[in-house]
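User: I would like to go through this model step by step, with the reasoning laid out for each point.

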Amino acid sequence: MKISGMLLTFLLIITSAGCTQTRDSTPLSWQPSDNNQQSQSIQERKFIPPKDWNQVKTCSTNFFVPPSIRKKKVQGIDSCVGRYQSANILIELDVAPGSDLNSSREGEYSEERGFNLRKTKIDGWAAEIITFDGTGGPAEARGLNYAAVLYVPQMPEDRGNFTIWALSKSPEARDLVFKIFESVRFAKD
């Protein structure tokens with residue numbers, strides 16, 4: 001599975017400050033913390049996007065993004081990839097062949113200070129959302145210090161696994177990222 005090397009490198013070397021999440025039924029919200037957290041709650045959240053949000057249909061998925069986010073050119077090598085960016089948010093997605101319901105991206109980020117993992121469901125499928133805060137990375141990610149990763153280890157009809165990496169400029173921008181995550185639906189073939 002190949003994605004933009006610059007973003008993957010950024011996500012792997014990023015240093016972070018803490019975050020934890022609330023466990024109520026309100027939209028995903030993350031609060032500062034100084035210790036690593038792992039939440040095992042599973043609760044699927046449905047998000048109805050505002051009328052001005054744009055629907056993205058790519059890589060056997062549909063999701064919505066705010067009107068300020070634009071598609072950027074990116075070429076995958078052995079997987080379906082996409083990149084979307086605004087001044088406050090950078091999103092990369094990857095649908096890679098192969099799936100394993102027991103797989104996780106936890107090991108890639110668990111050493112990051114402030115690491116947080118939340119088990120959830122996206123469109124009825126097991127998923128995890130990982131967050132951490134950090135600095136550094138490629139030029140296009142400068143100033144986007146709030147990281148969030150959505151991982152679905154198995155898509156419907158065994159189409160592979162699905163990952164969205166998102167970097168945002170502020171906690172408010174990351175809240176928009178969570179809404180994007182909540183809007184993900186898998187295409188029915």
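User: What is the mean pLDDT of the protein chain, and what share of its residues reach 70 or more?

Analyst: This is a predicted model, and confidence varies along it: over residues 1-41 the pLDDT is below 50, although this stretch has 129 contacts in the model beyond near neighbours in sequence. For the protein chain, the mean pLDDT is 78, and the share of residues that reach 70 or more is 72%.

User: How many residues apart in sequence are the parts that the pair of Tyr109 and Phe132 ties together?

Analyst: The rings of Tyr109 and Phe132 lie 5.2 Å apart, centre to centre, with 25° between their planes, and the pair is stacked, because planes under 30 degrees apart count as such. Tyr109 is buried with a relative accessible area of 0%, and Phe132 is likewise buried, at 0%. Tyr109 belongs to helix H2 (residues 106-109) and Phe132 to strand S10 (residues 125-133), so the parts tied together are separated in sequence by 23 residues.

User: Is Gln154 buried or exposed?

Analyst: Gln154 sits in the loop between strand S11 (146-152) and strand S12 (161-168). Leaving aside neighbours within four places in sequence, Gln154 is in contact with Ser99, Leu101, Trp125 and Gly160. Its relative accessible area is 19%, and since the cut-off is under 20%, Gln154 counts as buried.

User: How far apart are the end C-alpha atoms of helix H3?

Analyst: Helix H3 (residues 171-183) has 13 residues, which at 1.5 Å a residue should span 18 Å. The end C-alpha atoms agree with this expectation, being apart by 19 Å.

Key:
Residues numbered from 1 in each chain as written. Predicted model: local features only at pLDDT ≥ 70, side-chain atom pairs only at ≥ 80, totals over all residues. Heavy atoms only, no water. Phe/Tyr/Trp six-rings, centres within 6.5 Å; stacked < 30°, edge-to-face > 60°. Helix = DSSP H or I, 4+ residues; strand = E, 2+ residues; numbered from the N terminus. Buried < 20%, exposed > 50% of the residue type's maximum accessible area, 1.4 Å probe, protein only. Expected span 1.5 Å × (residues − 1). pLDDT = per-residue confidence, 0-100. Contact = heavy atoms within 4.5 Å.
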